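Work through the exercises below with the structure in view. Each one sets a task and then solves it step by step.

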Amino acid sequence: MGKSRRNAKASLALLAVAPLLGGCATHSRQEVLDAVHLRMPDCPAEMHSYAADEAWWPPGWVEMSYTVPKNCMDAYLAAHGVDLTAKPINTWPRSGTSFVGGAPIEPTDPPFSPKTMRRFKLRLDASRTYPEHSFETPYGSRFTVLLDEQGDSTTVYLETDFGGPHVL
């Protein structure tokens, strides 16, 4: 078999595998949400930021922030099994210093990675308290949400870094 024919076969094989890896493709927000089995709240949302892992498909992580009416977000969280009458799983600022791998995490250390904080353009006020909740979809995608509740509206900072068993 000639060299150009081998190269053509290799190129065709790469074209067959590339869609499974993502990378080159760009998916709509709705396609990504469908892939991680997540719906947006049933009310108009003012989107602020959105990012997803396009290196793999389905995506391994999704981040987005948006503002919705507070009662809508409360209903959304309740529909995902979050007990809003119980204490949130966490708050920011955290209560006391904790340790991960021996390294201290201070109460006012950012709740997200530096890269995520930049994408969210998130600046938190340490004099306020922000509830944090988590929920899991029936397909195993786990989400963390930090809420900035102000009056009748809530700005939601949502992330997942594991899209569920379908990602493996």
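The model used here is predicted.

**Exercise 1. Sort the residues that line the largest pocket by type, and state how much space the pocket holds.**

Solution. Begin with the list of lining residues. One stretch of the lining consists of His37, Leu38, Arg39, Met40, Pro41 and Asp42. The lining also includes Cys72, Ala75, Tyr76, Ala79 and His80. Next, sort them by type: the lining divides into 7 nonpolar, 2 polar and 2 charged residues. The charged ones are Arg39 and Asp42, because Asp, Glu, Lys and Arg count as charged. The volume completes the solution: about 190 Å³ of space lies in this largest pocket.

**Exercise 2. Describe the overall fold by its helices and strands, its buried share and its contacts.**

Solution. Count the elements: the protein has 4 helices and 8 strands. Then read their order along the sequence, which gives α-α-β-β-α-β-β-β-α-β-β-β. For the buried share, take the 168 residues of the protein, of which 36% count as buried. For the contacts, take those between residues at least 6 apart in sequence; 56% of them join residues at least 24 apart.

**Exercise 3. Decide whether the aromatic pair of Phe135 and Phe143 is stacked or edge-to-face, and whether its two residues are buried or exposed.**

Solution. The structure holds 5 aromatic pairs. One of them joins Phe135 and Phe143, with 5.5 Å from centre to centre and 25° between the planes. The pair counts as stacked because planes under 30 degrees apart fall in that class. Now take the accessible area of each residue. Phe135 has a relative accessible area of 2%, so it is buried. Phe143 is buried as well, with a value of 0%. The last step is to place the pair in its surroundings: Phe135 and Phe143 form one aromatic cluster with Tyr76. Tyr76 is also among the residues that line the largest pocket.

**Exercise 4. Find the partners of Thr116 and say whether Thr116 is buried or exposed.**

Solution. Locate the residue: Thr116 is found in helix H4, which covers residues 114–120. Its relative accessible area is 3%, so Thr116 is buried. Then list the polar contacts of its side chain. One reaches the side chain of Glu63 at 2.5 Å, and another joins the side chain of Ser113 at 3.0 Å. Finally, set aside residues up to four places away in sequence; Thr116 then touches Glu63 and Glu159.

**Exercise 5. Two residues other than glycine, His37 and Lys121, have a positive phi; give the angle, place and exposure of each.**

Solution. Take His37 as one case. Its phi is near 60°, and His37 lies in the loop between helix H2 (29–35) and strand S1 (46–52). At 31% relative accessibility, His37 counts as partly exposed. Turn to Lys121, whose phi is about 55°. Lys121 sits in the loop between H4 and strand S6 (130–136). Its relative accessible area is 71%, so Lys121 is exposed.

**Exercise 6. Trace the surroundings of Arg128, and describe the peptide bond that leads into its contact Pro93.**

Solution. Start with the position: Arg128 is in the loop between H4 and S6. With a relative accessible area of 25%, Arg128 is partly exposed. Leaving aside neighbours within four places in sequence, its contacts are Trp92, Pro93, Asp148, Glu149 and Gln150. The side chain of Arg128 also makes a polar contact of 3.2 Å with the side chain of Tyr130.

Now follow the contact to Pro93. Arg128 and Pro93 are 35 residues apart along the chain, and their C-alpha atoms are separated by 7.9 Å. Pro93 itself lies in the loop between strand S3 (90–92) and strand S4 (98–100). The peptide bond from Trp92 to Pro93 is cis, with omega near -5°.

**Exercise 7. Give the exposure and contacts of Glu136, and its separation from Thr160.**

Solution. Glu136 is found in strand S6. A relative accessible area of 45% makes Glu136 partly exposed. Outside its neighbours within four places in sequence, Glu136 is in contact with Ser141 and Arg142. As a last step, compare the chain with space: Glu136 and Thr160 are 24 residues apart along the chain, and 9.8 Å separates their C-alpha atoms.

How values were computed
Residues numbered from 1 in each chain as written. Predicted model: local features only at pLDDT ≥ 70, side-chain atom pairs only at ≥ 80, totals over all residues. Heavy atoms only, no water. 1 Å grid on protein atoms, 1.4 Å probe; cavity = no way out; pocket = protein on both sides within 12 Å on 5 of 7 lines; lining within 4 Å. Points joined across faces, edges and corners; volume = space filled by probe spheres on them. Phe/Tyr/Trp six-rings, centres within 6.5 Å; stacked < 30°, edge-to-face > 60°. Buried < 20%, exposed > 50% of the residue type's maximum accessible area, 1.4 Å probe, protein only. Helix = DSSP H or I, 4+ residues; strand = E, 2+ residues; numbered from the N terminus. Polar contact = N/O pair within 3.5 Å; in protein donor to acceptor, adjacent residues only side chain to side chain. Contact = heavy atoms within 4.5 Å.
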